[in-house]
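Visitor: I'd like a close look at one small part of this protein, and then how the rest fits around that spot. Could you walk me through it?

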Amino acid sequence: MDARLRLLMLPITALLALAPVALLAQVPPAPPSPPATPGSPATPSPPTAPAAPAVKPAIEWKQFEYRCEGGAKLRVYLHNQTAKVVYKDKAYLMRQTRSADGDRYSDEKVVWWSKGNGGFLQEDTPDGNGEMIVKGCELHKPIDAEAKPDTVSGMVSYLSRIALPASAIIEVQLQDVSLADAPIKVIAKEEMALGERQVPVPFELKFDPEKIDAKHRYAVRASILVNGELRFVSDKAYPVLTRGNAAHVQVLVKSVTRSTPAAKP
């Protein structure tokens with residue numbers, strides 16, 4: 001009986017063994033990768049943005065305006081050893097040449113020759129006697145010269161822990177202190193009521209820049225009065241404007257010691 005059963009089970013066991021092979025045969029294989037061929041290009045990487053071209057700084061020209069004979073205007077632009085001279089809608093580009101006196105610029109046809117604050121424009125000839133184009137030119141002003149300050153500003157403050165009344169008056173002066181043995185010359189001053197403010201208090205002094213001499217020394221002083229009585233004063237001068245000093249300054253005032261009146265006998 002057992003032998004007959006084993007004979008009947010043999011075909012079934014064989015079928016079960018072959019089933020996974022049949023299932024795998026039904027799954028299509030993945031397509032193979034194409035073989036690399038010699039010299040084939042690699043996959044290109046994303047393009048990189050080109051580097052920005054270097055920007056050359058603009059040439060800075062110093063500009064000067066001249067008034068010439070007959071009221072004619074002439075303008076000169078200077079950069080290193082190059083000059084551009086503009087006269088009557090004509091522009092001459094020149095290079096600086098050797099000169100025993102003054103500054104000489106030439107384009108080998110026309111020469112601009114300046115001496116001090118004067119100059120002339122002339123045809124350039126070997127003998128130096130070319131026809132005069134315009135003469136008697138005097139420097140009017142550097143057009144782009146740095147503007148002179150016309151204001152001194154800053155703050156007035158003190159260290160004492162004292163609240164001043166609103167009626168207190170702050171006085172600030174711009175002084176010419178060049179001469180030690182001469183009276184102080186006041187260039188500008190400002191008086192203002194303290195009001196509801198407390199220190200530091202800003203100030204601004206307006207003045208005529210033509211009154212400022214680069215050879216002189218200038219300083220700011222400040223004081224505070226209460227009911228006409230001096231209560232605070234700056235004990236030193238604060239230099240401004242010339243000799244490398246700025247037009248903005250912090251002024252510190254100190255308390256004035258008040259004398260107590262003697263008691264009546």
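Guide: Sure, let's start at Ser167. This is a predicted model, so keep in mind that we're looking at computed positions throughout. Ser167 sits in a loop, with strand β9 (151-157) on one side and strand β10 (169-176) on the other. Is Ser167 buried or exposed? Something in between: its relative accessibility is 44%, so Ser167 counts as partly exposed. Now look for Asn227. Along the chain, Ser167 and Asn227 are 60 residues apart, yet their C-alpha atoms are separated by 7.5 Å.

Let's zoom out from there. The chain has 1 helix and 17 strands. Of its 265 residues, 27% are buried. If you take the contacts between residues at least 6 apart in sequence, 47% of them join residues at least 24 apart. As for the outside, the chain exposes about 19600 Å², and carbon and sulfur atoms supply 57% of that area.

How far should you trust what you see? The average pLDDT for the chain is 80, with 71% of the residues scoring at least 70. Confidence is highest in strand β13 (residues 218-226), with a mean of 95. At the other end of the scale is helix α1 (residues 2-26), where the mean is 52, the lowest in the chain. Over residues 21-25 the pLDDT stays under 50, and the model gives that stretch 0 contacts beyond four places in sequence.

Next, the charged pairs. Side chains of opposite charge can pair when their charged atoms come close. The whole structure holds 4 salt bridges. One of them joins Glu65 and Arg67, whose closest N and O atoms are 2.2 Å apart. Glu65 has a relative accessible area of 11%, so Glu65 is buried, while Arg67, at 29%, is partly exposed. Another salt bridge links Arg104 with Asp124, and here the closest N and O atoms are 2.9 Å apart. Arg104 belongs to strand β5 (residues 103-106) and Asp124 to the loop between β7 (118-123) and β8 (132-142), so this pair ties together parts that are 20 residues apart in sequence. Both Arg104 and Asp124 are buried.

Then there's Lys254, which meets Asp235 in a salt bridge at 3.2 Å, N to O. Lys254 is in strand β17 (residues 254-255) and Asp235 is in the loop between β14 (229-233) and β15 (238-240), so parts 19 residues apart in sequence are tied together. Lys254 is partly exposed, because its relative accessibility is 43%. Going back to Glu65 and Arg67, salt bridges that share partners join these two and Arg75 into one network.

Last stop: the cysteines. A disulfide is a covalent bond between the sulfur atoms of two cysteines. The whole structure has 1 disulfide, formed by Cys68 and Cys137 with their sulfur atoms 2.1 Å apart. Turn the view and you'll find 105° about the S-S bond, a right-handed link. What does the pair tie together? Cys68 is in the loop between β1 (62-67) and β2 (73-79), and Cys137 is in strand β8, so the disulfide connects parts that are 69 residues apart in sequence. Cys68 counts as buried because its relative accessibility is 6%, and Cys137 is buried too, with a relative accessible area of 1%.

Notes. Residues are numbered from 1 along each chain as its sequence is written. Side-chain values use heavy atoms; hydrogens and water are left out. Helices (H or I, at least four residues) and strands (E, at least two) are DSSP runs, numbered from the N terminus. Buried means under 20% relative accessible area, exposed over 50%, partly exposed in between (1.4 Å probe, protein chains only). Contact means heavy atoms within 4.5 Å. Accessible areas come from the Shrake-Rupley method with a 1.4 Å probe; for residues, only the protein chains shown count as cover. pLDDT is the predictor's confidence in each residue, from 0 to 100. A salt bridge is a side-chain nitrogen of Lys or Arg within 4 Å of a carboxyl oxygen of Asp or Glu. A disulfide is a pair of cysteine sulfur atoms within 2.5 Å.
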